[in-house]
Amino acid sequence: MATATAPAQPVKVAQSTKRPGGPIRWVRERIIPILGSLVLLYMFLPIFVVIVFSFNLPNGRFNYQWVQFSTQAWTNLCAPGGMCDALRLSLIMGVLATIGAVILGTLVAFGIARYRFRGRSASNLLVFMPMATPEVVMGSALLTWFVTLTFARGLATILIAHVMFCLSFVVVTVKARIAGLDPRLEQAAMDLYADERTTFWRVTFPLVLPGIVGASLLAFSLSFDDFIVTNFNSGSTVTFPMYVWGAAQRGTPPQINVVGSLMFLVSLAIVLVAQVVQRRRAKA
Amino acid sequence: MSGGAVAATAAEQRDIRQHPSGGGATEAKGVGTSKWTPYLLLTPGFLWLLVFFLIPTIILLAFSLYSGSLDQGYAFEFPGQWSNYGAVITYLPQFIRSFIFAGLATLFCLALAYPLGYFIAFKSGKWKATLLVLVIAPFFTSFLIRTLAWKTILADDGPVVSFMNWSHINALLTLLHLTESGRVLNTPLAVVLGLTYNFLPFMVLPIYASLDRMDPRLVEAAQDLYSSPWTALRKVTWPLSLPGVVAGTLLTFIPAAGDYINAELLGTTKVSMIGNVIQDQFFVVTDYPTASALSFVLMLAILVLVFFYVRRAGTEDLV
């Protein structure tokens, strides 16, 4: 593994000794960009397959083999029974879980990042633990708790679980942003006779906001994409990932790929637009 | 799911580097500063974690000692039904398989992520931000849909498997019991490849973050002192990137060891992991106490492994 990154292991130039810059040398000098690009290609291969197969017209129940080009899945998105309901549910869950996790998590982030208090390192540990626990353990632990409480599993339990595992990620993201703030900006505001409240809302909060936005996107995608924890706590409620799981057993309509492609393209667009905006602002 | 953690850790490491003086915790300033303010800020979030993470974990431990059935209800009878833990022996092969698969996937991830992280940190120039977006872009599609796409890629008559058969790579892998002759899907290799693919960004981002913090002049200095590029990599770059490597291996290994999606979608029951067993015990067998015992042992096993690994790696300030 590490050998691959060594740029200039003495390599014997095999045949084309005519030119000093033969193809082997060309590759050798660019070995890191080449390897890096190959790895990126590997990461994108399945996404490419997902998009291509959204235009497939499978002739069985499963959409794993290419048959013929068709836009049918794109024009009849909600044809597979229950898929769009599951999708809608996942979108709503994602928004609600994000709101909950961002509010709770941002408060915790400010508490940990801005104050020294007894139990601060224990607090950090408590935030870290859900991220270091396998989902199957977290999901089954919650299940036993809900069974003990005889709490019916459904929308409420999914929401509780999602807020729980998104919370830590929000804390870590927002905390990083707060820790990265230049304290002199707040000092300057105070020097200019802003009181603490004004300093917070006019200086600190706007500076932390990009971190909160990032955390929201992260929380939404975690909640929207979660399968394992949800599967343990959903009762008979079906979220989109659970629909896909069921479909993998019953038969995969190409509409699943359409949703996958749309998700990918929409989020890519959001991120790219955000980058362009950020660059323009940096230039201005 | 913890991909964001890596992104966040990466952001954290970068930000700390930008403002070494900006660690706000050293200055106890905030709105309405009083002794109780931090506790007030922490309380709602920590109550949530207490009630829906810590207590459930304790209940899981309690459940693993219960007796009874789903219909009649479960109860604790002194001194507890310790025989539930006998399942750990029964499913020892699945436990071992989980750790081997997760370990292999972690190694593969490291082999793939290091060149990519190195590329983004040192050689990407103005494309750095875009490349970082590309690394997390696979997260934009659903985990399950991406995993299903591998069924197409690794199909028996597909180009990948045809090439592996033609070049006898597959025969070699079959000797190692990683594949079956002529096919990859439903074999251990397919599951390991799926795990590798799904958790790769968790490895790339921390490695990138630690390399990005490194001063590239250190490598130049090593080369000025007549070190070969290989020695410079081994003695300068690699040690400095270790915090990223340790964080990346943890963030890959932990979710991979508990995963059952890849084993279910890309494998068969012959290659099932402990996650599959736990899920089956809950939902098919509905033997909650046994399932809880397995789940709890999985958590303990991972904690112990992580503890020794972090101690050996010598970076205790991870959290």
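A residue is buried if 20 or more other C-beta atoms lie within 10 Å of its own, exposed if 12 or fewer, and partly exposed in between. The exercises below concern a predicted model, which scores ipTM 0.84 and pTM 0.85.

**Exercise 1. Describe the fold and overall form of chain A, from its secondary structure to its burial.**

Step 1. Begin with the secondary structure, which in chain A comes to 12 helices and 0 strands, so that, by the DSSP runs used to define these elements, the pattern read along the sequence is α-α-α-α-α-α-α-α-α-α-α-α.

Step 2. Turn next to the domain assignment, which divides chain A into domain 1 (1-52), domain 2 (54-80 + 254-284) and domain 3 (83-252). The C-alpha centres of domain 1 of chain A and domain 3 of chain A lie 40 Å apart.

Step 3. Compare the chain with a reference: a compact globule of 284 residues would have a radius of gyration near 19 Å, whereas chain A has 25 Å. Along the principal axes, the C-alpha atoms of chain A fill a box of roughly 70 × 55 × 40 Å.

Step 4. Finish with packing: of the 284 residues in chain A, 44% are buried, and among contacts in chain A with a separation of 6 or more, 74% join residues 24 or more positions apart.

**Exercise 2. Decide which parts of chain B should be read with caution.**

Step 1. Take the chain as a whole, for which the mean pLDDT is 84, with 88% of the residues of chain B reaching 70 or more.

Step 2. Break the score down by element: helix α1 (residues 3-18) of chain B has the lowest mean pLDDT, 44, while helix α4 (residues 92-123) of chain B has the highest, 95.

Step 3. Locate the stretch concerned, since pLDDT stays under 50 over residues 1-32 of chain B, although the model has 88 contacts beyond four places in sequence for these residues. Where pLDDT is low, the predicted coordinates should not be read in detail.

Step 4. Set this against the rest of the description of chain B, whose secondary structure comes to 14 helices and 2 strands. Of the 319 residues in chain B, 49% are buried, and 72% of the contacts in chain B with a separation of 6 or more link residues 24 or more positions apart.

**Exercise 3. Characterise the contact between the two chains, with attention to the side of chain B.**

Step 1. Count the participants: the contact takes 94 residues from chain B and 95 residues from chain A.

Step 2. Identify the leading element, which on the side of chain B that touches chain A is helix α2 (residues 37-63) of chain B, giving the most with 18 residues.

Step 3. Sort that side by class, which yields 68 nonpolar, 20 polar and 6 charged residues.

**Exercise 4. Place two residues of chain B with positive phi, and classify their exposure.**

Step 1. Recall the background, namely that most residues other than glycine have a negative phi.

Step 2. Consider H168(B), whose phi is near 65°, a positive value in a residue other than glycine. H168(B) is found in the loop between α7 (159-166) and α8 (169-175) of chain B, and it counts as exposed because it has 10 C-beta neighbours inside 10 Å.

Step 3. Consider T286(B), with a positive phi near 50°, which is found in the loop between α13 (274-283) and α14 (288-313) of chain B. Because 13 other C-beta atoms lie within 10 Å, T286(B) is partly exposed.

Definitions and conventions. Residues are numbered from 1 along each chain as its sequence is written. Chains are lettered from A and ligands numbered from 1 in the order in which they are written. This is a predicted model: local features need pLDDT of at least 70, side-chain atom pairs count only at pLDDT 80 or more; totals for chains, interfaces and linings use all residues. Domain bounds come from an automatic or database domain assignment. Helices (H or I, at least four residues) and strands (E, at least two) are DSSP runs, numbered from the N terminus. Ala, Val, Leu, Ile, Met, Phe, Trp, Tyr, Cys and Pro count as nonpolar, Asp, Glu, Lys and Arg as charged, and the others, Gly among them, as polar. pLDDT is the predictor's confidence in each residue, from 0 to 100. Two residues are in contact if their C-beta atoms, placed from the backbone, lie within 7 Å. The radius of gyration is taken over C-alpha atoms; the globule rule is 2.2 Å times the number of residues to the power 0.38.
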